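Work through the exercises below with the sequence and the 3D view open. Try each task before you read its solution.

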Amino acid sequence: MEHTIAPVYDANSRILILGSFPSVRSRETGFFYGHGKNRFWKVAAAVFESDEPKTVDEKKAFLLKNKIALWDVIARCDITGSADSSIKNVVPNDISAILERSNVTQIYVNGKTAKKYYDKYIRCAVNRDAIVLPSTSPANATWSAEALINEWKRIRTGE
């Protein structure tokens, strides 16, 4: 499976958030966190005290307004449906262009799978650590929306 969603960033981006690989629904909609039950957009909006963006254009504007760059760790892989646990034969994305063309000071990964592949394939290439945040995936049912929001507030302060 090939990643076909372009990264979102600009020269003012100071936060980079990396997921693992787009879900089936995200691949169908052509944008990140497209599954209606994924809590990414709800959590990000709450963290930045904003209305939740709905359209792709609103989501891109929200990210850039809040100086967030968004992409995924994996460029290509074998995956069954949307299950991170089924990911095999990983080819990582090259995030160096984002880092060179933006003002990213902190990298975060959305969940443990993204952290696993970031550490395995990208960390040494860019010589930067990433902070793991709890996954916003509906599969991560142990985290309530409120708990996710509290933990994700770290992206506002750069912790």
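**Exercise 1. Place Val90, decide whether this residue is buried or exposed, and list its contacts.**

Step 1. Val90 sits in strand β4, residues 88-92. Strands here are DSSP runs of E with at least two residues, helices are runs of H or I with at least four, and both are numbered from the N terminus.

Step 2. The relative accessible area of Val90 is 12%. Buried means under 20%, exposed means over 50%, and partly exposed lies in between (1.4 Å probe, protein chains only). Val90 is therefore buried.

Step 3. Contact means heavy atoms within 4.5 Å. Setting aside neighbours within four places in sequence, Val90 contacts Ile74, Arg76, Cys77, Tyr117 and Tyr121.

Step 4. Val73 is 17 residues away from Val90 along the chain, and their C-alpha atoms are 9.4 Å apart.

A note on the model: it is predicted, so local features need pLDDT of at least 70 and side-chain atom pairs count only at pLDDT 80 or more, while totals for chains, interfaces and linings use all residues. Residues are numbered from 1 along each chain as its sequence is written, and side-chain values use heavy atoms, with hydrogens and water left out.

**Exercise 2. Locate Asn38 and find the polar partner of its side chain.**

Step 1. Asn38 is in the loop between α1 (24-29) and α2 (40-47).

Step 2. Its relative accessible area is 15%, so Asn38 is buried.

Step 3. Beyond four places in sequence, Asn38 touches Tyr33, Thr136, Ser137 and Pro138.

Step 4. The side chains of Asn38 and Thr136 make a polar contact at 2.8 Å. Such a contact is a pair of N or O atoms within 3.5 Å; within protein, one must be able to donate a hydrogen and the other to accept it, and residues adjacent in sequence count only if both atoms are side-chain atoms.

**Exercise 3. Describe how α2 packs on α6.**

Step 1. Helix α6 covers residues 145-152. The two axes are 9 Å apart, at an angle of about 55°. Axes are lines fitted to C-alpha atoms, for helices over the stretch in contact, and angles run from 0 to 180 degrees between N-to-C directions.

Step 2. α2 is therefore oblique to α6. Under 35 degrees counts as roughly parallel, over 145 as roughly antiparallel, 65 to 115 as roughly perpendicular, and the rest as oblique.

Step 3. Phe40, Lys42, Val43, Ala46 and Val47 of α2 meet Ala145, Leu148, Ile149 and Trp152 of α6.
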